[in-house]
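Dear colleague,

I am passing on a structure for you to look through at your own pace. Please have it open beside this message, as the notes that follow refer to it throughout.

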Amino acid sequence: MSQTVLKMQSIYKSFGDMEVLKGISFEVKKGEIVSIIGPSGSGKSTLLRCATMLEKADSGNISYDDINMIISDLEQAAVYADKKTLKQINRKFGLVFQNFNLFPHLSVLQNIIEAPMCVANISKEEAKKTAMELLAKVGLADRAGAYPCQLSGGQQQRVAIARALAMNPDILFFDEPTSALDPELTGEILKVIKSLADEKMTMVIVTHEMNFARDISDRVIFMDEGVVVANGTPSEVLMDSANPRINQFLNKISNE
Amino acid sequence: MKLESLISMLQRMLGASTVTLEVFFLTLIFSLPLGLLVAKGRMSHLKVINVPIKFYLLIMRGTPLILQLIFFYFAPSSLFGISLDRFWAAVLAFSLNYAAYFAEIFRGGIQSIPVGQHEAAAILGLSKLQTFFKIILPQVIKNIIPPMGNEFMTLVKDTALAQTIGVMELFRIANTTSSQYFSTVPIFVAGVFYLAMNAVVSYGFSFASKKLNYYR
């Protein structure tokens with residue numbers, strides 16, 4: 001049995017009166033590729049943001065490699081691990097944002113080597129070497145000296161993926177990685193993600209690209225209104241589903 | 001004016017210019033870091049921090065600088081019996097006053113940086129300090145160059161107010177020279193001196209602006 005990288009149990013999260021996550025649970029095993037789909041406002045991004053500590057969950061349990069990030073006490077309020085543990089957990093995941101969030105004042109190479117140098121204390125030489133390998137992998141070895149503003153959206157997103165990979169995460173999250181891109185540029189990103197899949201990178205991808213989710217995923221999770229509606233293989237969730245909410249969503253997407 | 005008196009006037013005014021420049025640079029050395037700290041405090045969610053800072057900003061920006069100069073020169077002696085040197089009282093008043101303006105410029109600059117920059121840095125594991133000094137501040141500096149240029153140029157001219165508490169800076173010397181020779185020439189010469197200093201400041205800012213134009 002393969003090892004569980006991420007475990008989320010009964011995650012609740014509200015913004016004011018708005019309950020966004022209503023008891024979400026799921027697990028990701030090593031080497032697994034999980035796509036999360038669902039209508040906008042269903043809580044997909046919030047779920048990723050809770051998993052990556054960008055938002056604080058109100059209650060629930062989250063652990064990476066059996067190290068607890070948050071546990072809920074008897075009153076059901078989430079208790080976070082101490083700073084040192086959180087720092088250790090932070091090294092386990094990477095996140096690729098919808099709007100890339102590259103550092104505009106740093107070159108492509110500097111964007112990638114900043115964290116390995118400052119956080120992982122890797123020497124500049126080694127960080128550069130790894131960065132160049134990663135840039136070659138995403139097809140941008142010739143743009144190492146460019147600044148983000150000189151790149152297309154697709155190229156920026158590929159740099160963002162290389163930047164996340166440079167920290168050598170156990171699990172990589174993608175928050176709608178192609179949603180900010182022109183349709184003709186989504187292909188290059190999907191290709192890079194596909195190549196990571198071939199290397200058995202553990203990934204959780206929030207996406208609206210249904211065909212891509214079907215082709216690449218080991219498992220698809222359909223979320224709606226803060227709950228997991230379906231969790232299964234791509235064919236179970238996307239093709240043979242009897243669930244009216246899923247079918248309604250899929251029809252709407254395919255009509256667009 | 002005779003040639004000798006003209007030369008002696010220029011010598012005295014050049015000497016006084018160094019006092020002006022000292023006030024200018026010392027004020028910047030103290031007020032820029034202080035302004036940054038005040039900006040961070042102003043953005044704090046803790047009331048014990050942000051309320052006193054709001055009060056400080058109100059006082060410093062809401063009362064005349066000339067009054068603040070007089071206050072910092074006379075208040076220590078009448079309140080505590082300690083007398084501050086005129087020059088240092090002036091530097092103190094200018095630093096506290098300019099720190100208030102710089103703080104608001106820094107705050108505007110910091111708040112203009114998209115939250116995604118903080119988030120990307122956090123995900124990569126950068127500490128708060130690393131994020132601020134390596135990711136946020138460099139971008140803030142680029143954004144605040146135009147308002148900072150204004151403040152620097154205003155400060156060059158505001159140093160003339162130090163004469164209120166008897167600091168022998170450029171304008172004070174120009175004034176005394178002017179009454180000595182019954183001539184307004186020294187006053188206008190002082191004007192040329194300020195203009196020359198601000199031409200350098202202005203050039204410095206356009207240079208920095210160009211240098212930082214390598215990204216958007």
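How many salt bridges does the rule find across the interface of chain A and chain B? The rule finds two there, a salt bridge being a side-chain nitrogen of Lys or Arg within 4 Å of a carboxyl oxygen of Asp or Glu. In one salt bridge, the side chain of Glu114(A) meets that of Lys134(B), at 3.7 Å from N to O.

Please keep in mind that this is a predicted model, in which local features need pLDDT of at least 70 and side-chain atom pairs count only at pLDDT 80 or more, while totals for chains, interfaces and linings use all residues. Residues are numbered from 1 along each chain as its sequence is written, chains are lettered from A and ligands numbered from 1 in the order in which they are written, and side-chain values use heavy atoms, leaving out hydrogens and water.

The contact (heavy atoms within 4.5 Å) takes 22 residues from chain A and 18 residues from chain B. About 1900 Å² is buried between the two chains, with carbon and sulfur atoms giving 65%; buried area is the accessible area (1.4 Å probe) that two parts lose on being put together, summed over both. Phe103(A), His105(A) and Cys149(A) supply 30% of the area that chain A buries against chain B, more than any other three residues.

Within chain A, six strands (E, at least two residues, DSSP runs numbered from the N terminus) form an open sheet of mixed pairing, in the order 7-8-9-3-10-11, where two strands pair if DSSP finds at least two bridges between them. Strand 7 and strand 11 (227–232) of chain A each have a single partner strand, so one side of each is left without a neighbour in the sheet.

Best wishes

Key: Helices (H or I, at least four residues) and strands (E, at least two) are DSSP runs, numbered from the N terminus.
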